[in-house]
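Here is a friendly walk through one protein model, meant for someone meeting it for the first time. Have the sequence and the 3D view open as you read.

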Amino acid sequence: MAIKSDKWIRRMAHDHGMIEPFVDGQVKQNAAAEGAISYGLSSYGYDVRCANEFKIFTNINSAVVDPKNFCPSSFVDFTGDVCIIPPNSFALARTVEYLRIPRSTLTICLGKSTYARCGIIVNVTPLEPEWEGHVTLEFSNTTPLPAKIYAGEGVAQFLFFESDELCETSYADRSGKYQGQTGVTVPRL
């Protein structure tokens, strides 16, 4: 299994719609000509952006966090250019980009250092072969202070690993429960 280069990522985005919309190269400024947390194609990965849809965790209902029976009312929906995550809490968001992972590829997500250096951890599970959709992102604010997440800017980098052999069963083959998701998706069982 080998990590794939910018040439491969560009070709797969253009020829097979692997990443839509696709930004060829690193963008480091926003539309107002201000500095931005970079996004787009890099040497061996692709930096995705956060959309402006968020689900901010709250415990106003004194719920127990249970992955087998998660209470959707534990989130407050928010739409905006900046999401403020309460101290020691988390928020869910989604990527601007829609991804289609090839059958021969496993995709790993790592958080961007700009957020990590502020105590904000980005968590995404691997994108399995033939998974597709908007990726749900989880931002953990590990600090005792409120933390900002910026919509439309880079939040995580995806690395693409291609196998020398096709998998026997892909995510699409087993009709995975998060296949084709288009919004911020809460836990499903």
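Arg 103, Glu 130 and Asp 173 are joined in a network of salt bridges. Keep in mind that this is a predicted model, so every value here is computed from it.

Glu 130 is worth a second look. You'll find Glu 130 in the loop between strand 11 (120–123) and strand 12. At 27% relative accessibility, Glu 130 counts as partly exposed. Its backbone is a bit out of the ordinary too: Glu 130 has a positive phi of about 65°, although it is not a glycine. Most residues other than glycine have a negative phi.

**More salt bridges**

How many salt bridges does the count come to? The count comes to 10. Here are some of the pairs, with the distance given between N and O atoms.

| Pair | N to O distance | Apart in sequence |
|---|---|---|
| Lys 112 and Asp 47 | 2.6 Å | 65 residues |
| Arg 49 and Glu 97 | 3.0 Å | 48 residues |
| Arg 94 and Glu 53 | 3.0 Å | 41 residues |

Start with Lys 112 and Asp 47, whose side chains meet in a salt bridge. The pair links distant parts of the chain, with Lys 112 in the loop between strand 10 (105–111) and helix 2, and Asp 47 in strand 5 (residues 45–49). Are these two buried or exposed? Lys 112 is buried, and Asp 47 is buried as well.

Next come Arg 49 and Glu 97, which also form a salt bridge. Arg 49 sits in strand 5 and Glu 97 in strand 9, so this pair again links distant parts of the chain. Arg 49 has 12% relative accessibility and therefore counts as buried. Glu 97 is buried too, because its relative accessibility is 0%.

Then there is the salt bridge between the side chains of Arg 94 and Glu 53. Arg 94 lies in strand 9 and Glu 53 in strand 6 (residues 53–57), so the pair ties together parts that are 41 residues apart in sequence. Arg 94 is buried, with a relative accessible area of 12%, whereas Glu 53 is partly exposed at 28%.

**The largest pocket**

Strand 9 turns up again here. The largest pocket has a volume of about 670 Å³, and 25 residues line it. Which residues lie nearest its centre? They are Thr 125, Thr 136, Tyr 178, Thr 185 and Pro 187. Two elements give two or more residues each to the lining of the largest pocket: strand 9 (90–100) and strand 12 (132–141). Strand 12 supplies the largest share, 4 residues. By type, the lining residues split into 15 nonpolar, 5 polar and 5 charged.

**A buried tyrosine**

Now turn to Tyr 115, which has its place in helix 2 (residues 113–116). With 3% relative accessibility, Tyr 115 counts as buried. What does Tyr 115 touch, leaving out residues up to four places away in sequence? Its contacts are Ile 37, Ile 120, Lys 148, Ile 149, Tyr 150, Gly 154 and Val 155. Ile 149 is 34 residues from Tyr 115 along the chain, and their C-alpha atoms are separated by 8.5 Å.

**Cysteines**

If you go hunting for disulfides, a search of the whole structure finds 0. Cys 50 is in no disulfide, and the nearest cysteine sulfur, that of Cys 83, is 7.7 Å away. Cys 50 is also buried, because its relative accessibility is 0%. Why is Cys 118 without a bond to Cys 83? The sulfur of Cys 118 is 15 Å from the closest cysteine sulfur, in Cys 83, and that is too far for a bond.

**Backbone oddities**

Most peptide bonds are trans. The peptide bond from Glu 20 to Pro 21, however, is cis, with omega near -5°. Pro 21 is found in the loop between strand 2 (19–20) and strand 3 (26–29).

Ser 175 has a positive phi as well, near 50°, and Ser 175 is a residue other than glycine. You'll spot Ser 175 in the segment after strand 14 (154–162). At 60% relative accessibility, Ser 175 counts as exposed.

Note on methods:
Residues are numbered from 1 along each chain as its sequence is written. This is a predicted model: local features need pLDDT of at least 70, side-chain atom pairs count only at pLDDT 80 or more; totals for chains, interfaces and linings use all residues. Side-chain values use heavy atoms; hydrogens and water are left out. On a 1 Å grid over the protein atoms alone, a cavity is a set of points where a 1.4 Å probe fits but cannot get out, and a pocket is an open set with protein on both sides within 12 Å along at least five of seven lines; lining residues have an atom within 4 Å of a point. Grid points are joined across faces, edges and corners, and a volume is the space filled by probe spheres set on the points. Ala, Val, Leu, Ile, Met, Phe, Trp, Tyr, Cys and Pro count as nonpolar, Asp, Glu, Lys and Arg as charged, and the others, Gly among them, as polar. Buried means under 20% relative accessible area, exposed over 50%, partly exposed in between (1.4 Å probe, protein chains only). Contact means heavy atoms within 4.5 Å. A disulfide is a pair of cysteine sulfur atoms within 2.5 Å. A salt bridge is a side-chain nitrogen of Lys or Arg within 4 Å of a carboxyl oxygen of Asp or Glu.
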